[in-house]
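Here is a walk through one protein model, written for someone who would rather look than compute. Keep the viewer open and follow along.

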Amino acid sequence: MSSTRYFLAKGKVQKVMFRQTLIRAAQKRKLKCGATNLKTDKNCVSFMLEGDDGKIQEIVDKMKSGEKLNSWGAKVESIEEKNETNIEFDKHQVTTNNVDNFNWSCPDAYYTNRTVIDRVFKALPTFLTALFASPPANIDNDLPNIDGAPLMPL
């Protein structure tokens with residue numbers, strides 16, 4: 001059976017590519033979808049799904065599971081079904097019609113760069129210690145000495 005259902009998702013759903021993840025899940029299931037970040041609440045997204053009820057329910061159940069929905073950490077804490085919405089499909093910020101042309105202020109580069117920077121700074125003390133540590137005192141004894149000259153540590 002086909003229907004149109006309206007929802008309000010609350011949780012970590014803004015600035016984590018939640019809308020794109022939702023739209024791609026809808027496309028995969030051949031559903032029509034529109035999603036909009038609420039300006040009045042930075043933890044809410046309004047969205048609609050249209051199509052096969054079973055496939056709509058798959059998406060809703062995944063959100064209700066409380067699991068992370070993507071690698072950016074999007075996570076729905078609660079989902080409320082609404083009887084109607086004041087946002088028509090074509091008025092949503094992102095839809096199954098415009099997702100490929102939507103100008104994302106993509107956190108992908110930010111999070112990727114931030115992760116790399118965090119990892120570098122976390123590893124830096126260990127790296128510097130290893131780089132500038134003096135060689136073991138018995139290094140000359142461990143390396144072969146062919147001509148009798150003292151060996152220089154690398």
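The buried residues of helix α2 pack against four elements: β1, α1 (18-28), β3 and β4 (75-82). This is a predicted model, so read each value below as computed from predicted coordinates.

Which residues of α2 are buried? They are I56, I59, V60 and M63. Looking down the axis of α2, these buried residues fall within an arc of 95°, so they line one face of the helix.

The length of α2 checks out too. The helix covers residues 53-64, and its 12 residues, at 1.5 Å each, should span 16 Å; the C-alpha atoms at its ends are 16 Å apart, which agrees. At the N-terminal end of α2, D52 acts as a cap, with a side-chain oxygen 3.0 Å from the backbone nitrogen of G54. Past the other end of the helix comes G66, which has a positive phi, near 80°.

Now for the sheet. Five strands make up an open sheet, in the order β4-β1-β3-β2-β5, and the pairing is antiparallel. β4 and β5 (94-95) are the edge strands, each pairing on one side only.

Strand β3 (residues 44-52) is a good place to zoom in. It is mostly covered, with seven of its nine residues buried. β3 pairs with β1 and also with β2, as set out here:

| Strand pair | Sense | Bridges | A bridge partner in β3 |
|---|---|---|---|
| β1 (residues 2-12) and β3 | antiparallel | nine bridges | L49, partner of R5 |
| β2 (residues 32-37) and β3 | antiparallel | six bridges | L49, partner of C33 |

Find L49 in the viewer and you can see both pairings at one residue: L49 is the bridge partner of R5 and also of C33. Elsewhere in β3, S46 stands opposite T36. β2 and β3 form a hairpin, with six residues between them.

Next, have a look at T96, which sits in the loop between β5 and α3 (107-132). Is T96 buried or exposed? The cut-off for buried is under 20% relative accessible area, and T96 counts as buried because its relative accessibility is 16%. Which residues does T96 touch, leaving aside its neighbours within four places in sequence? T96 is in contact with I23, A26, Q27, L31, K32, C33 and F89. C33 is worth a second glance, being the residue whose bridge partner in β3 is L49.

Finally, zoom out to the chain as a whole. The protein chain has four helices and five strands, and from the N terminus on they run β-α-β-β-α-β-β-α-α. Of its 154 residues, 31% count as buried. The accessible surface of the chain comes to about 10,600 Å², and 53% of that belongs to carbon and sulfur atoms. As for contacts between residues at least 6 apart in sequence, 71% join residues at least 24 apart.

Conventions. Residues are numbered from 1 along each chain as its sequence is written. This is a predicted model: local features need pLDDT of at least 70, side-chain atom pairs count only at pLDDT 80 or more; totals for chains, interfaces and linings use all residues. Side-chain values use heavy atoms; hydrogens and water are left out. Helices (H or I, at least four residues) and strands (E, at least two) are DSSP runs, numbered from the N terminus. Buried means under 20% relative accessible area, exposed over 50%, partly exposed in between (1.4 Å probe, protein chains only). Contact means heavy atoms within 4.5 Å. Accessible areas come from the Shrake-Rupley method with a 1.4 Å probe; for residues, only the protein chains shown count as cover. Two strands pair if DSSP finds at least two bridges between them. The expected span of a helix is 1.5 Å times one less than its number of residues. The arc is that of the directions from the helix axis to the C-beta atoms. A polar contact is a pair of N or O atoms within 3.5 Å; within protein, one must be able to donate a hydrogen and the other to accept it, and residues adjacent in sequence count only if both atoms are side-chain atoms.
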